[in-house]
Amino acid sequence: VTPGAPVLVVRGLSVRFGEVVALSSVDIEVPEHGVLGVIGPNGAGKSTLVDAITGFLPNAEGRVELDGRPLTGSPAKRARSGLRRTFQQDRVPPGLTVEAYLRFVARRRVSTAEIAEALDFFGCPAARIPLSQVDVGARRLVEVVGHLLARPRVLLLDEPAAGLPHSEHVAFGERLRQVPARFGVSVLLIEHDLDLVRSVCDTVTVLDFGRVLAAGPQAGVLADPAVLKAYMGE
Ligand code: ADP
Ligand code: MG
């Protein structure tokens, strides 16, 4: 599938926390059946962007549109409209098996075969294993699988590879690259590992101090001297 017209469009998104301007008039577009990478130094506003898009920051200013329709209201309402997200911190409850957790996250009827296939695709532990026995990196992959099983229009991932050993990043990237075609979803990926961004993302938006520093096709953005400087300055 070739990435198409934007499915998720954000215009003029601004968020402040008291004196801190976390986002200042940010525009982004997630291409249909594509992957938008969002990168930038710590504190640039990446997690705030996902929080605002998904409705966790009701005071955010600006416009969010999904399939050309305004996306407003609570996180639960936006989730029902087709948005799913993961959090930067591990939130997976340890008391469940992998399968019970996946069914809980997916919130729709999913066959055992579909679950097994999705777990296998991501190299995750088997469905019957208790989450308490799954290490944090793999738990976060299980969370991603749960949201994919929900069949959202757009999945927003906040540093999903952060808990994985670096040696597993290449395999994760290869799988993630196949996700739009395989699950019929578009992805916004926040990621620090630029090799992973290079291997997965169609387009990239760079945030720095809450502003868009650069945006466009991946190759051009990652070669932009201003972007490299923002990273070296971290
Ligand atoms: P990133 O994910 O790019 O590292 P964040 O979006 O977490 O950055 O944070 C952006 C800025 O907003 C930072 O200066 C951070 O300290 C501030 N910030 C984030 N969340 C809050 C909050 N709940 N209250 C106050 N300041 C916050
Ligand atoms: Mg963050």
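Two strands pair if DSSP finds at least two bridges between them. The exercises below apply this rule, among others, to a predicted model.

**Exercise 1. The four-stranded sheet**

Task: Determine the order in which the strands of the open sheet of four strands are arranged, and state which strands stand at its edges.

Solution.

Step 1. Begin with β1 (residues 6-17) and β2, which are joined by eight bridges in the antiparallel sense. Within this pair, V10 faces I28 of β2.

Step 2. Examine the connection between these two strands. β1 and β2 make a hairpin with two residues between them, and G18 in the turn has a positive phi of about 60°.

Step 3. Look for a further partner of β1. Five bridges link β1 with β4 (residues 61-66), and this pair is also antiparallel. Here R11 stands opposite R63 in β4.

Step 4. Continue from β4. Two bridges connect β4 and β5, again in antiparallel fashion, and L66 has R69 of β5 as its bridge partner.

Step 5. Assemble the pairs. The order is β2-β1-β4-β5, and the pairing is antiparallel. β2 and β5 (69-70) have a single partner strand each, so one side of each of these edge strands lacks a neighbour in the sheet.

Step 6. Add the helix. α1 packs on this sheet and touches β1, β2 and β4, while its direction makes about 70° with that of β2.

**Exercise 2. The six-stranded sheet**

Task: Describe the order, the pairing and the edges of the open sheet that six strands form.

Solution.

Step 1. Read the order of the strands, which is β6-β7-β8-β3-β9-β10. The pairing in this sheet is mixed.

Step 2. Find a parallel pair. β7 and β8 (residues 186-190) run parallel and are joined by five bridges. D158 lies opposite I190 in β8.

Step 3. Find an antiparallel pair. β9 and β10 run antiparallel, with six bridges between them, and L207 stands opposite V212 in β10. The two strands form a hairpin with two residues between them, and F209 in its turn has a positive phi of about 50°.

Step 4. Identify the edges. β6 (83-85) and β10 (211-217) each have a single partner strand, so one side of each is left without a neighbour in the sheet.

Step 5. Consider the twist, which averages 15° from one strand to the next.

Step 6. Place the helix. α1 packs on this sheet too, touching β3 (35-39), β6, β7, β8 and β9 (203-208). The direction of α1 makes about 150° with that of β7.

**Exercise 3. The surroundings of ligand 1**

Task: List the residues that surround ligand 1, and classify the shell by chemical character.

Solution.

Step 1. Name the residues. Ligand 1 is surrounded by F17, V20, A22, G40, N42, G43, A44, G45, K46, S47 and T48.

Step 2. Assign them to elements. β2 (20-31) and α1 (46-53) are the elements that give two or more residues to this shell. The largest share, three residues, comes from α1.

Step 3. Sort by character. The shell contains four nonpolar residues, six polar residues and one charged residue.

**Exercise 4. Two domains and their contact**

Task: Give the bounds of the two domains and describe the side of domain 1 that touches domain 2.

Solution.

Step 1. State the division. Domain 1 comprises 1-82 + 153-234, and domain 2 comprises 89-151.

Step 2. Locate the domains relative to each other. Their centres, taken over C-alpha atoms, are separated by 23 Å.

Step 3. Count the residues in contact. Domain 1 contributes 12 residues and domain 2 contributes 11 residues.

Step 4. Find the elements involved. On the side of domain 1 that touches domain 2, β7 (154-158) and α6 (169-183) each supply at least two residues. The largest share, four residues, comes from α6.

Step 5. Classify this side of domain 1. Nine of its residues are nonpolar, two are polar and one is charged.

**Exercise 5. The protein as a whole**

Task: Summarise the secondary structure of the protein, and compare its radius of gyration with that of a compact globule.

Solution.

Step 1. Count the elements. The protein has nine helices and 10 strands.

Step 2. Give the extent. The C-alpha trace spans about 45 × 40 × 35 Å along its principal axes.

Step 3. Make the comparison. A compact globule with 234 residues would have a radius of gyration near 17 Å. The protein has 17 Å, which agrees.

Key: Residues numbered from 1 in each chain as written. Chains lettered and ligands numbered in written order. Predicted model: local features only at pLDDT ≥ 70, side-chain atom pairs only at ≥ 80, totals over all residues. Near = placed C-beta within 6 Å. Nonpolar A, V, L, I, M, F, W, Y, C, P; charged D, E, K, R; others polar. Domains from an automatic or database assignment. Contact = placed C-beta atoms within 7 Å. Axes fitted to C-alpha atoms, helices over the stretch in contact; angles between N-to-C directions. Rg over C-alpha atoms; globule rule 2.2 N^0.38 Å.
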